[in-house]
Structures are given as C-alpha cells and as structure tokens.
Amino acid sequence: MTVKIPQDTEPNAKNALPLLRTEELLLNLGPQHPSTHGVLKVIVTLEGEKIVKCEPVLGFLHRGVEKIAESITYNQFIPHTDRLDYICAMYNNFAYVRAIEKILKIELPERCEYLRTIVAEVQRIIGHLFWLGTQALDIGAMTIFFFTFREREVLLDIFEELCGARLTTSWYRVGGVERDFTPKIVDEIYKFIADFPAKIAEYDSLLHNNRIWLSRTRNVALISGEDAVAYGLSGPTLRGSGVDYDLRKVSPYGAYDKVEWTVPLGTKGDTYDRYWVRMEEMKESSKIVKQCLDQLPEGEIRAYLPQVVAPPKERVFTDMESMIYQFKLYSSGFNVPEGDIYCGTEAAKGELGFYLVSQGGGKPYRLKIRAPSFIHMGAFDHMAKGYMIADMITIFGTYDIVMGECDR
Amino acid sequence: MKPPKPFRVPRGMEDGKDHPLTLKLREGHAEAYIGATLFRGDLSVHIRRDALLAVCRFLRDDPTLDFDYPIHMTSVDFPKDRERFEMVYEFFSIRLKHQIRLKVRVPEDNCEIESITGIWVGANYLEREVYDMMGIRFLNHPELKRILLPDEYDEGFPLRKNFPIQGRGWRDTFEFPR
C-alpha cells in the first residue's frame, strides 16, 4: 500500500498548510544613487535582505574615448585622459605618456623622473584621501569626510599652483612635464608631508577602534587571493587579499627604484584589509615624496627631442628651427613607429594600462584603455553575493570605483 | 579556401621565435603556432584560432609558465586584411613575473571565437566589451550582450574602422528639453 503524501508545493494540495508567498525581489539601485560614485546602476536580486545576484549596468558615462583617440593626435589625447579617473587625473596623464614614451623609446632627464614621481604620489594620497572620506561617509561616519577633504584641499591648492588646474591637470607631457616646481611648491609639499603622519593618526583614531566601522568592514566582501588574481583585480583591491603585485616594484618606472618603500599587503581580503592597505599606502607615498624631494636633482624637465617635445617658448620666438618644430608638432603631431605595446602603470585605483597600436603617423590606430574600475566591476557579483543589501554600498566603495574610468 | 600566407615579421620589429616563452609554447602546442614578434620588449605570439582554448589552458596550467593574471584583452580592426579582426590577449604571471601577448585573427564572415571565461573568470566583462565595441561573438560565453552601450543600440559596432566618428544619426533622434 502506498500512501500519497501531499506536497505543499502543489498548487491544489488540499491538505497543505497555507504558505506565505516568498519570491525573489528585483531591485534597481541607481543610477541616481548618491553612493554609487557617479552613475552606476545595479540590478540586484534579493532574497529578503540577502543579495542573490547583482548585475551591474554600466555605460551611463560612456563617451567613446577610445574612438575619439583614433581621430586626434597623441598630444591632443592628454586632456582626455584627465576625464577618465577624474579623481586622480595626474596619474592618468602619467600612465598615458608612459605608453607613448615606451613606443618612442624616450629617455627622460633625471629631474623630470623625480618630479613625475612626486606629483604621482601626491596624487595617490589625494585619491586615497578621497576614497577614505567617501567610503566612511557611505558607511555612516561623516566626520572623517570633512577631515580628509581638508587635507585634500591643501594638496589640490598645490596642484593649482603647479599647473593652474585642480582636477583636470594635464601636467604631464610626452617626453617631460609642463612646468617645473617653484620653491613655494617644494616648501608646501614639505610642510604637508611633515604634518601628514599626525593627520593619518587622527583618521585612525576615528576609525581604528570604531565599532560600527569594524562591523561594517570586517568580513565584508571577502575575496581570496586566487580569485582576485583570476578576476584580474589590481591595486589595493588585489593587495588587500595578500597578493604581492605592485607595478612600481615589478617593473619600476619613474624614481620608484631609487627610494626606499614597501608594499603593504593584507591577509584576509576583506574590506577592512583594503582600508588598511590604503592607509599604509598613504604613509608609504608620503615617504616616497619626502625621499624624492630630498634627492631632487637639478637639470632639465624635458627631454631634448624637438620632433616630439615642444621646444621652450623663448626659443620658439627667437630661433627659426624651434619655430618650425613647434609648428609641425602642433599641426600634425609627431610620428610614432609602427608596432604595438602595452604599458601598465600602478595608479591609485589599480593597474591603469594603455594598449597602443600604431601604424605610423601622428594618430593612434587603436588605443585600448585597461581601466581598473571596469575590471573590478567584473568581480562585483562574486564579491557581493551572500551579503546584505546594506553592504552593497560598502562593496562599491571598497573598489574605489570611478565611473568615468569604468565607462570611458 | 586559400592557404594562409607565411608569417612575416613586420618592419621595425624583431623576430620573437627564440624567446624562451615562445619556445616553451611551441613545445606544448606546435600546431597552434604561427609566428612571434618582439617589439620594445613586448613578446607577441600569433596563434591559430581553433587552438586558442588549448593554448590558454596550457599557459595557465603549466608550472613553468603559470600565467594566472589576465591583464586585458581587446580587439583591433584591420579592414584590408583577409582575416579582418585581431583578438589580443595579454597575460601575466604573478609568481614568475613574465608577460605574454597572444594574437588571434578572426575573419569577418565567421566572426566568432571561443570564450576563455572558463579559464580566467575575469575575461567575462572584457569579452563583453569586445563584443559590444567590435562585434566579435564569443562561443560558450555565459552572458554575451552589450555592456557599455544600451541593449537597444542598433547602429552597429562603434570601434570598427568603418563606423563614422560622429555616429550614424541615432543621437539626432533624441529629444532634449530646450
């Protein structure tokens, strides 16, 4: 004799207990959400408050920068790189000009390398300060936002002194930099670096033992080292998982091999580790800046390559050859030999790389931007799955994502 | 179909056939190898399309190669060539600190290539971007659809060389408040 057990999933089962209807909830987060750092939309599938699946919808800030690059000369593209990661414009300029210099095989004067390294590290401090302020603000700690922006303002004023702009800087040039440091800038950076450790201690005192901060960041968005590598994560997001990969050490550029510093590594790969890595990186950056300023050699700020680097203005007005070079350079650009290169640079967010295909002439044939934020978004679903909806904001923040770079 | 032309190293580049990584790759997959170039220290190895998956798996799993980190992948359009598109893959080994670039040609009339998402998960979004921008289809990709452009975008693939830089008129149909 077989007994038929009524299945309560059967719609017409008479004996079944009345069940509450449960189903997955589809939620659109963004693109107008203030904590999505730009315009990012995520379609989240929720089970109660738990995230089952996230699907980032990208492209709200897509401007077709890679297509634009194919129609303008190499120098004209430098201001476009400012608009990629608009928090750290200097580093984008740096990454871009480095790619061009690699294909042209340009050797730079030593002073130029040092200046570039100093400004790049100051930019990294700005990027991490911005990240710290907004990440803490997203989680609910508002005070720290004002503190980090106070310091960021000091540094942006230095940038303004240096190149006339605070965010869209365009200070780097192929084969050099636009302007030299004035004594005032050197003094101000020294002053900032001297005060900075006390400022970091201040941030730490607000967050380090803050119970809310700890419970919101510890064990949130865990990712193992192997997974992080397979997803192609880079920068502090990768190093938070304990993977020792920093392009400044792997293939040193600028003056990074002439100063002493270490690569901070996390152990667990959660949001707290990534926070710790960025805090330590700020300390390392200020160390690098200090050593570079101490060692700063005298000399030229641009390589002498009249066909690539614009000659100084006083020479353009007094000597005919320089004027011809200047005219050629600004009307048709410089020639780049046929070939293709990839050049990665360790920006504040991660590895910012440019893959450049040249077929000769003054314009790139194809320019691919390897934007760290875009690649980090690829791991978003993996890292957010299983956490609460409130943690989503933490997970956006932990990548230090900037949509201008992600959507290009 | 015509037999493919023998590989020729472009002017200005060095032949990369004696590079240790090329030799290693040829040991494992001689049938996939077409040619290799060395330019500014970057090694590019051209391989056959049908062998892509086997080569990628070999690159990742062989302990002396150990390419665990997918740096980027992209595509380049060469409209005049017999096989129009070139897929470019760039891999790095975090343990052994070496880098390789794979190049695979894809013809326009059969515009598809195996997805390597099963080997490096990070390839997912990058392949979607290539599909979005260049229109190369990836076989066995978990979710192949547009990523940066809207789903209903119907002007074609913008990074192809025959796509005009000002677009094909879709933008002019938008109504903006004045």
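In this predicted model, M90(A), Y91(A) and F94(A) of helix α3(A) touch R116(A), V119(A), A120(A), Q123(A) and R124(A) of helix α4(A). Sorted by class, this contact brings together five nonpolar residues, one polar and two charged. Helix α3 spans residues 89-104 of chain A and helix α4 residues 110-139, and the two pack with their axes 8 Å apart at an angle of about 140°. An angle has to be over 145 degrees to count as roughly antiparallel, so α3(A) and α4(A) end up oblique to each other. Their crossing is left-handed.

A second helix pair, α6 (residues 183-207) and α11 (residues 271-295) of chain A, crosses at roughly 150°, with axes that come within 10 Å. That puts α6(A) roughly antiparallel to α11(A), and the crossing is again left-handed. On the α6(A) side, the contact is made by V186(A), I189(A), Y190(A), I193(A), F196(A) and I200(A). Facing them from α11(A) are M279(A), M282(A), K283(A), S286(A), V289(A), K290(A) and L293(A). The class count for this contact of α6(A) with α11(A) comes to 10 nonpolar residues, one polar and two charged.

Stepping back to the whole chain, both pairs belong to a set of 17 helices, which chain A combines with eight strands. The C-alpha atoms fit in a box of roughly 105 × 50 × 35 Å along the principal axes. Chain A has 408 residues, and 49% of them count as buried. As for contacts in chain A with a separation of 6 or more, 70% link residues 24 or more positions apart.

Notes
Residues numbered from 1 in each chain as written. Chains lettered and ligands numbered in written order. Predicted model: local features only at pLDDT ≥ 70, side-chain atom pairs only at ≥ 80, totals over all residues. Helix = DSSP H or I, 4+ residues; strand = E, 2+ residues; numbered from the N terminus. Buried ≥ 20, exposed ≤ 12 C-beta atoms within 10 Å, placed from the backbone. Contact = placed C-beta atoms within 7 Å. Axes fitted to C-alpha atoms, helices over the stretch in contact; angles between N-to-C directions. Parallel < 35°, antiparallel > 145°, perpendicular 65-115°, else oblique. Left-handed = near helix turned anticlockwise from the far one by under 90°. Nonpolar A, V, L, I, M, F, W, Y, C, P; charged D, E, K, R; others polar.
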